[in-house]
Amino acid sequence: MSSNTLKTLVEKIDPTAIVKIEGPLNDFQAKEISNIIDGLIEKNFIHFIINFSKSNDVNSFGVSVLISIIKSIEKKHGKLLFSNINAHLDKKFMTMGLKGYVKIFDSDKDALASLVVDL
């Protein structure tokens, strides 16, 4: 049962939030990430890093939720970055076209550094 549970931890570094996920980003679990990010956008966070170090499963619904998140963040002129993805997710994101919209980094530190350089 725990393999179907999605846990999240949010680290806030204003105006950036790092959302660390543990578990699958599938079906109704994926909507939880969207709700978290929408709530943070309402609190004026604009840049987001989703850390996939403890998640290795994303289905098509999860990808559609990620696309929705990208659109929400772009409306605020923010950026969405991914960190710590494995080879399986990398291939899936490439196949589904996400890599054209989201930069991927080996670590949260590298992702944060890119935001500082881009700003």
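This report walks through a predicted model of a protein, from its overall build to its sheet, its helices and a few of its residues.

## Overall build

Let's begin with the inventory. The secondary structure amounts to four helices and five strands. In sequence order, the elements follow the pattern β-β-α-β-α-β-α-β-α. The radius of gyration is 13 Å, close to the 14 Å given by the globule rule for 119 residues, so the protein is as compact as a globular protein of that length. Its C-alpha trace spans about 40 × 25 × 20 Å along the principal axes.

A few totals fill in the picture. Of the 119 residues, 41% are buried. The accessible surface comes to about 6,700 Å², and carbon and sulfur atoms account for 54% of that area. Among contacts between residues at least 6 apart in sequence, 67% join residues that are at least 24 apart.

## The sheet

The five strands make an open sheet with mixed pairing, in the order E1-E2-E3-E4-E5. Strand E1 (7–13) and strand E5 (103–105) are the edge strands; each has a single partner strand, so one side of each has no neighbour in the sheet. From one strand to the next, the twist averages 25°.

Two of the pairings show the mixed character of the sheet. E1 and E2 run antiparallel and are joined by seven bridges. A hairpin of two residues connects E1 to E2, and one bridge to look for has Leu-9 partnered with Lys-20 in E2. On the other hand, strand E2 (residues 16–22) pairs with strand E3 (residues 47–54) in the parallel sense, over six bridges. Here Glu-22 has Lys-54 in E3 as its bridge partner.

## Helices on the sheet

Helix H1 packs on the sheet and touches E1, E2 and E3, with its direction at about 20° to that of E1. Helix H2 (residues 60–75) also packs on the sheet, where it touches E3 and strand E4 (80–83); the direction of H2 makes about 135° with that of E4.

Two residues are handy places to look at these helices in detail. Ser-34 belongs to helix H1 (residues 27–42). Is Ser-34 buried or exposed? Its relative accessibility is 3%, under the 20% cut-off, so Ser-34 counts as buried. Setting aside neighbours within four places in sequence, Ser-34 is in contact with Val-65 and Ile-69.

Phe-61 sits in helix H2. With 38% relative accessibility, between the cut-offs of 20% and 50%, Phe-61 counts as partly exposed. Which residues does Phe-61 contact, leaving aside its neighbours within four places in sequence? They are Asp-27, Phe-28 and Ala-30. Phe-61 and Asp-27 are 34 residues apart along the chain, yet their C-alpha atoms are separated by 5.6 Å.

## The aromatic cluster

If you like ring geometry, this part is for you. A pair of aromatic rings is described by the distance of the centres and the angle of the planes. A search of the whole structure turns up three aromatic pairs. One of them is the edge-to-face pair of Phe-52 and Phe-82, at 5.0 Å centre to centre and with 75° between the planes. Phe-52 lies in strand E3 and Phe-82 in strand E4, so this pair ties together parts 30 residues apart in sequence. Phe-52 has 1% relative accessibility and counts as buried; Phe-82, at 1% relative accessibility, also counts as buried.

Phe-52 has another ring partner, Phe-93: the two ring centres are 5.5 Å apart and the planes are at 65°, so the pair is edge-to-face, for which the angle must be over 60 degrees. This pair links distant parts of the chain, with Phe-52 in strand E3 and Phe-93 in helix H3 (residues 87–95), 41 residues apart. Phe-93 is buried, as is Phe-52. Ring pairs thus link Phe-52, Phe-82 and Phe-93 into a cluster.

Conventions: Residues are numbered from 1 along each chain as its sequence is written. This is a predicted model: local features need pLDDT of at least 70, side-chain atom pairs count only at pLDDT 80 or more; totals for chains, interfaces and linings use all residues. Side-chain values use heavy atoms; hydrogens and water are left out. Buried means under 20% relative accessible area, exposed over 50%, partly exposed in between (1.4 Å probe, protein chains only). Contact means heavy atoms within 4.5 Å. Two strands pair if DSSP finds at least two bridges between them. Axes are lines fitted to C-alpha atoms, for helices over the stretch in contact, and angles run from 0 to 180 degrees between N-to-C directions. The radius of gyration is taken over C-alpha atoms; the globule rule is 2.2 Å times the number of residues to the power 0.38. Accessible areas come from the Shrake-Rupley method with a 1.4 Å probe; for residues, only the protein chains shown count as cover. Rings of Phe, Tyr and Trp (its six-membered ring) pair if their centres lie within 6.5 Å; planes under 30 degrees apart count as stacked, over 60 as edge-to-face and the rest as tilted.
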